[in-house]
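This briefing introduces a single protein chain to a reader who has not met it before. Please keep the sequence and the structure in view while reading.

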Amino acid sequence: MRDAAKGSILSAHCQGGLAAAKPCTRSRVGGSRISNLVGWVGAPLRAIFAPMGSNAKGIVLAGGSGTRLHPVTQVISKQLLPVYDKPMVFYPLSLLMRAGIREVLVISTPRDLPSFRELLGDGRRFGMQFDYCEQPRPDGLAQAFLLGREFLNGSPACLVLGDNILHGPGLSKTLTECATLTDGAHIFGYRVRDAKRYGVVEIDGDGNVVSIQEKPENPRSSFAVPGLYFYGPDVCDLAAALEPSSRGELEITDLNRCYLEQKRLKVTVLDRGYAWLDAGTHRSLIEASTYIEAIEERQGLKIGCLQEIAWTKGWISNEEFRREAETAAGSSYGSYLAEVLERAENKSAGG
């Protein structure tokens with residue numbers, strides 16, 4: 001298949017599409033938005049907000065059955081489980097916020113979507129806009145761009161997986177730069193010991209992507225690809241052209257390979273000092289919580305605190321931030337919010 005814009009020939013995995021995947025649609029009943037079988041709920045708040053920080057929009061993919069965490073996930077979404085003092089989904093959401101992205105689509109199962117909406121609301125309390133989309137069944141990570149086509153509406157996109165936790169020095173600057181992407185795709189590489197468990201990116205001496213593999217038996221490098229991806233405005237078209245893999249899924253690796261074949265794929269290696277945690281098993285969930293606890297207790301600063309990020313960026317006012325602290329009063333999380341605001345007010349008053 002020929003891409004008219006780039007004049008390149010795409011390989012077979014870029015030529016099909018998953019017929020069962022349909023974009024989320026909006027519906028209105030009784031004056032309020034609700035989700036249909038494959039619909040999202042939310043209300044556009046552009047008229048309320050000041051101009052958005054980034055032209056890119058974000059998607060949090062928080063579906064799946066979480067079978068590796070059964071029996072816990074038989075009654076609750078994996079991405080709603082606590083990682084130390086916050087729901088797991090706060091951490092990937094914080095990455096989008098640090099990138100300056102304020103419009104976000106949360107995709108989850110029909111069972112779990114109401115819980116995400118109850119937790120996060122329409123996003124107004126964070127100075128953001130949240131929409132919600134049902135994923136009737138998981139058909140691969142790239143399916144997010146078929147479901148989110150109407151939400152993205154031709155905007156650049158950042159997809160983050162709901163169980164990915166990423167922390168390290170200079171991360172906000174890196175994410176902000178990636179969110180300015182207007183063409184192609186940008187992924188990350190993270191050195192791991194057992195690369196065969198992940199999507200793997202091979203990089204040459206000049207930092208260029210040579211190949212992408214999906215859970216290879218014989219990995220060509222030790223760099224795994226974390227679940228955080230930035231794409232230009234054509235991502236939905238390329239995702240729609242994908243052929244399902246042997247597993248019957250639209251693979252994110254195949255999508256990234258399309259960009260590689262067009263020479264439009266960039267990679268940033270996350271070197272020493274970064275932590276990438278995939279909290280998908282009982283052990284890794286405990287390890288992630290222990291890591292977050294150690295950092296927060298040592299530094300006195302929280303990781304993935306959505307209210308603090310929104311307030312620091314000027315997306316919410318002091319008074320709105322204070323209300324968040326009061327709502328969480330009685331918890332260590334609420335006490336932290338109150339302390340952050342008190343320190344800032346004392347500093348501004350010269351105290």
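The points below are grouped by topic, from the chain as a whole to its pockets.

The structure is a predicted model. Its chain comprises eleven helices and 18 strands, and 53% of its 351 residues are buried.

**Overall architecture**

- Among contacts in the chain with a separation of 6 or more, 75% are between residues 24 or more positions apart.
- The chain exposes an area of about 15,900 Å², and carbon and sulfur atoms supply 50% of that area.

**Cysteines**

- The chain has zero disulfides, given that two cysteine sulfur atoms would have to lie within 2.5 Å of each other.
- For C178, the nearest cysteine sulfur belongs to C158 and is 8.2 Å away, and C178 is in no disulfide.
- C178 has a relative accessibility of 6% and therefore counts as buried, the cut-off being under 20%.
- C236 likewise counts as buried, because its relative accessibility is 6%.

**Backbone features**

- The peptide bond between H70 and P71 is cis, with an omega of about 10°.
- P71 belongs to the loop that runs between β5 (57-61) and β6 (82-83).
- Y84 is a residue other than glycine with a positive phi, near 60°. Its place is in the loop between β6 and β7 (86-87), and its relative accessible area of 32% makes Y84 partly exposed.
- K215 is not a glycine either, yet its phi is positive at about 45°. This residue lies in the loop between β14 (209-214) and β15 (223-224).
- With a relative accessible area of 47%, K215 is partly exposed.

**The enclosed cavity**

- One cavity of 30 Å³ or more is present in the structure, and the largest cavity has a volume of about 40 Å³.
- The lining of the largest cavity includes G63, G64, S65 and G66, together with T73, I76, S77, K78 and Q79. R111 and D112 are also among the residues that line the largest cavity.
- By class, this lining contains one nonpolar, seven polar and three charged residues.

**The largest pocket**

- The volume of the largest pocket is about 1,000 Å³.
- Its lining consists of 38 residues, and those nearest the centre of the pocket are R68, L141, L161, D163 and K215. K215 is thus a residue with a positive phi that also lines the largest pocket.
- At least two lining residues come from each of β14, α7 (252-261) and β18 (275-278). Of the contributions to this lining, α7 gives the most, with three residues.
- The lining of the largest pocket divides into twelve nonpolar, 15 polar and eleven charged residues.

**The second largest pocket**

- The second largest pocket holds about 410 Å³ of space.
- It is lined by 16 residues, and R197, Y198, D278, S284 and E287 lie nearest its centre.
- Both β18 and α8 (282-299) supply at least two residues of this lining, and the largest share, four residues, comes from α8.
- β18 supplies at least two residues to the lining of the largest pocket and at least two to that of the second largest pocket.
- In the lining of the second largest pocket, six residues are nonpolar, three are polar and seven are charged.

Definitions and conventions
Residues numbered from 1 in each chain as written. Predicted model: local features only at pLDDT ≥ 70, side-chain atom pairs only at ≥ 80, totals over all residues. Heavy atoms only, no water. Buried < 20%, exposed > 50% of the residue type's maximum accessible area, 1.4 Å probe, protein only. Contact = heavy atoms within 4.5 Å. Areas by Shrake-Rupley, 256 points an atom, 1.4 Å probe, with all protein chains shown as cover. 1 Å grid on protein atoms, 1.4 Å probe; cavity = no way out; pocket = protein on both sides within 12 Å on 5 of 7 lines; lining within 4 Å. Points joined across faces, edges and corners; volume = space filled by probe spheres on them. Nonpolar A, V, L, I, M, F, W, Y, C, P; charged D, E, K, R; others polar.
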